[in-house]
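Reader: Please take a close look at the aromatic pairs in this structure and at the nonpolar surroundings they sit in. I would like the geometry first and the context after it.

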Amino acid sequence: MIEPFLEVRNARKNFGFTTVLDGVTLGVARGEFVSLLGPSGCGKTTLLRIIAGLTGADVGDVRLDKQDITRLPPHKRDVGVVFQNYALFPHLSVLENIAFGLKGRVAKDEANRIANRFLDLVHMRDFADRSVRALSGGQQQRVAVARALAVAPKLLLLDEPFSALDRKLRETMQIELKRLLRELGTTAIFVTHDQDEALVMSDRIAVMNQGRIEQLDTPQALYHGPATSFALQFVGLSTRIYGKVIGHQDGNIIQIETRHGLVRAPGSFANGSQVIIGVRPERISLGVHDGHNSITPQLTDIVFQGARVQVHFASTEDEPIILESSARLPASLAPGEAVSISWAPEDTLVFPRETPA
Ligand code: ATP
């Protein structure tokens, strides 16, 4: 296998008695955009800071472009960082902020030329001489990205850079940043707890939970083939039903007893195993279909979302069963009714359940 451009090997970090990173290994290819996605406190920022050299790992090493950078100080790593809170120099103009990192590296004229190019790339040409204090949040974040990229770092690290922006601006910035990094061929790692942001932007997503990477995969592979029930729950909507394996059929099909009835699914669990069943909402349809799993739960809500509609059903578990459709629903459907729904056995994801019901 080719050596990854960035490689973190077995990184561990404790703060006091708390294990924040529990042996993280991560390989990123040159030019790749990888997101670290996970709930608050799972260790995303700590991992990013270890890559940047701002925090030292207790154990583990970091290699970038064939070089061991584990013990190098941040400014010698050739890594750019963009934080959530912009961290621009308030006394400098927009252009001076972008040119700042070039000082001493290239002649003044060249620094100006490069800074102007990055001003153009982030659509801020008209603001060159303005004080950064007089910019909106979105404009400041553009300047922060341009400043980090102007020195042509080998790697760009971004920690929730758009979380302070409103939704529309955030979506625009996501698309702009992705285009810009692709044009420059820059390798990037992006921290977010927003799954939609990770799905839109990433070549691959590392789903983190309690100091570990549970799965590192493309957005499509993560959505269609989550490796754990945590990844299933954290990426995309899903219905989860608890059950117990009670039998086997030909073709690696297991039979699972649930409180909604018998469900069939591909898998190789032993009889008696406690499992969690997951089904994506767009895989569930109304009615009973030959060869499909069918259950008849009570309809609780119809949520119209324009292009799609969600139908919620009561479940004996904590979360509703959710069906999502882009088709028009029969007008007769109403909350309170018991309605048959079904999905194919092969669309049924099964995971071990640690705590028995
Ligand atoms: P968020 O999305 O909330 O930023 P995160 O996944 O980025 O979360 P980290 O910032 O890496 O999480 O923090 C992981 C854990 O480590 C948290 O419980 C945090 O309180 C703890 N932690 C982080 N930095 C320190 C520190 N310098 N001293 C003590 N504990 C820390």
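Author: In this predicted model, a search of the whole structure turns up 4 aromatic pairs. One of them joins F33 and F190: the ring centres are 5.5 Å apart and the planes meet at 40°, so this pair is tilted. Stacked would require planes under 30 degrees apart, and edge-to-face over 60. F33 belongs to strand β3 (residues 33–37) and F190 to strand β8 (residues 187–192), so the contact ties together parts separated by 157 residues in sequence. F33 and F190 are both buried.

F190 has another partner, F162. Here the centres are 6.1 Å apart with the planes at 50°, so this pair is tilted as well. F162 lies in the loop between β7 (155–159) and α5 (167–184), while F190 is in strand β8, so the pair ties together parts that are 28 residues apart in sequence. F162 is buried, as is F190. Taken together, F33, F162 and F190 make up one aromatic cluster.

A link from this cluster to its surroundings runs through L177. Leaving aside residues up to four places away in sequence, L177 touches F33, F162 and F190, and also V145, L158 and M201. L177 is also among the residues with the most contacts inside the largest nonpolar core, alongside V94, I98, F118 and L156; that core has 38 residues. At least two of its residues come from each of α2 (94–99), α3 (108–121), α4 (137–150), β7, α5 and β8. The biggest contribution is that of α4, with 7 residues. In soluble globular proteins, nonpolar side chains tend to be buried together. A second core, separate from this one, has 26 residues, including V8, L36, L47 and M208.

Aromatic rings also meet charged side chains. The charged end of R117 sits over the ring of F118, 5.3 Å from the ring centre. F118 is the residue already named among those with the most contacts inside the largest core. Elsewhere, R280 lies over the face of Y223, at 4.1 Å from the centre of the ring.

Helix α4 comes up again at the largest pocket, where α4 and β6 (79–82) each supply at least two lining residues. The greatest share of that lining comes from β6, with 4 residues. The pocket holds about 610 Å³ of space and is lined by 21 residues, with V79, G80, V81, A148 and V151 lying nearest its centre.

Conventions: Residues numbered from 1 in each chain as written. Predicted model: local features only at pLDDT ≥ 70, side-chain atom pairs only at ≥ 80, totals over all residues. Heavy atoms only, no water. Phe/Tyr/Trp six-rings, centres within 6.5 Å; stacked < 30°, edge-to-face > 60°. Buried < 20%, exposed > 50% of the residue type's maximum accessible area, 1.4 Å probe, protein only. Lys NZ or Arg CZ within 6 Å of the ring centre and 35° of its normal. Core = buried A, V, L, I, M, F, W, Y, C linked by side-chain atoms within 4.5 Å. Contact = heavy atoms within 4.5 Å. 1 Å grid on protein atoms, 1.4 Å probe; cavity = no way out; pocket = protein on both sides within 12 Å on 5 of 7 lines; lining within 4 Å. Points joined across faces, edges and corners; volume = space filled by probe spheres on them.
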